[in-house]
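I opened a fresh notebook page for this one and kept my notes short. Have the viewer ready beside you, and let's go through it together.

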Amino acid sequence: NDIYSKILLKQASLDINNLESVSALELTGDLLVVGTSRGRVFVIDVKIKKLLYQYNHKDATSIVTSVMMTDDLRWIISSDVYGEMYFYVVKLKDDEDIKGGK
């Protein structure tokens, strides 16, 4: 498990030099949604051990306090210490023109 964790963290490229750490987690099916102390949100497929997406809060100093993915796997909702909520559209394999954004 330690090697598995290191692989995922390397793919997600946490900025350890700037003390970035995981601040929120949610597992929905095989998808792990991770919020960080530097305002980033990662989506990791734990089944295939691959980073799928990365989203960024507007302020890089935002500590993500919560993350969730809707049951239909179409939206990620995250909030930060400033009380701002972000909604990201998740692009699935079958989607052509959907892009993540605020």
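Below are my entries, from the overall layout down to single residues.

**Entry 1: the outline**

I began by reminding myself that this is a predicted model. I then looked up the secondary structure and found one helix and seven strands in the protein chain. Reading from the N terminus, I noted the order α-β-β-β-β-β-β-β.

Next I checked burial for the whole chain: 37% of its 102 residues count as buried. For the accessible surface I wrote down about 6400 Å², with 55% of that belonging to carbon and sulfur atoms. I also looked at contact range. Among contacts with a separation of 6 or more, 32% are between residues 24 or more positions apart.

**Entry 2: the largest nonpolar core**

Which residues touch the most other members of the largest nonpolar core? I found Val-41, Tyr-55, Met-69 and Ile-76, out of 13 residues in that core. I then asked where the members come from, and saw that strands E2 (31-36), E3 (40-45), E5 and E7 (85-89) each supply at least two residues. E5 gives the most, with three residues.

I also noted another core lying apart from this one; it has five residues, among them Leu-32, Val-34, Phe-42 and Leu-51.

Back at Val-41, I listed its contacts, skipping residues up to four places away in sequence. Tyr-53, Gln-54, Tyr-55 and His-57 are among them, and so are Val-64, Val-67, Ile-76, Ser-78 and Tyr-88. The list also includes Val-33 and Val-34.

**Entry 3: the salt bridge**

How many salt bridges does the structure hold? I found one. Arg-40 pairs with Glu-20, and the closest N and O atoms are 2.7 Å apart. Arg-40 lies in strand E3 and Glu-20 in the loop between H1 and E1, so this pair ties together parts that are 20 residues apart in sequence. I jotted down the background too: side chains of opposite charge can pair when their charged atoms come close.

Are the two partners, Arg-40 and Glu-20, buried or exposed? I checked, and both are buried. Glu-20 counts as buried because its relative accessibility is 5%, and the cut-off for buried is under 20%.

I placed Glu-20 on the chain map as well: its loop runs between helix H1 (2-12) and strand E1 (22-28). Its side chain has a further entry in my list, a polar contact of 2.7 Å with the side chain of Thr-36. The pairing with Arg-40 is listed as a polar contact between side chains too, also at 2.7 Å.

**Entry 4: Arg-38**

I moved on to Arg-38, which sits in the loop between E2 and E3. With 28% relative accessibility, Arg-38 counts as partly exposed. I took one distance here: the C-alpha atoms of Arg-38 and Leu-19 are separated by 8.5 Å, and these residues are 19 apart along the chain.

**Entry 5: Ser-79**

Which strand holds Ser-79? I found it in strand E6 (residues 75-80). Ser-79 counts as buried because its relative accessibility is 14%. Its side chain joins that of Ser-66 through a polar contact of 2.6 Å. Setting aside residues up to four places away in sequence, I listed the residues that Ser-79 touches: His-57, Ile-63, Val-64, Thr-65, Ser-66, Glu-84 and Met-85.

**Entry 6: Ile-63 and the surface**

Ile-63 from that list made me look outward. I placed Ile-63 in the loop between strand E4 (50-56) and strand E5 (64-69). It counts as partly exposed, since its relative accessibility is 36%. Together with Val-81 and Tyr-82, Ile-63 makes a nonpolar surface patch of about 290 Å².

**Entry 7: Leu-25**

My last stop was Leu-25, in strand E1. Is Leu-25 buried or exposed? At 55% relative accessibility, Leu-25 counts as exposed. Leaving aside neighbours within four places in sequence, I saw Leu-25 in contact with Leu-32, Val-33, Val-34 and Val-67. I closed with a distance back to the core residue Val-41: the C-alpha atoms of Leu-25 and Val-41 are separated by 9.5 Å, with their positions 16 residues apart along the chain counted as the offset.

Note on methods:
Residues numbered from 1 in each chain as written. Predicted model: local features only at pLDDT ≥ 70, side-chain atom pairs only at ≥ 80, totals over all residues. Heavy atoms only, no water. Helix = DSSP H or I, 4+ residues; strand = E, 2+ residues; numbered from the N terminus. Buried < 20%, exposed > 50% of the residue type's maximum accessible area, 1.4 Å probe, protein only. Polar contact = N/O pair within 3.5 Å; in protein donor to acceptor, adjacent residues only side chain to side chain. Patch = residues over 30% accessible without salt bridge, like charges linked within 9 Å, V, L, I, M, F, W, Y side chains within 5 Å. Areas by Shrake-Rupley, 256 points an atom, 1.4 Å probe, with all protein chains shown as cover. Salt bridge = Lys/Arg side-chain N within 4 Å of Asp/Glu carboxyl O. Core = buried A, V, L, I, M, F, W, Y, C linked by side-chain atoms within 4.5 Å. Contact = heavy atoms within 4.5 Å.
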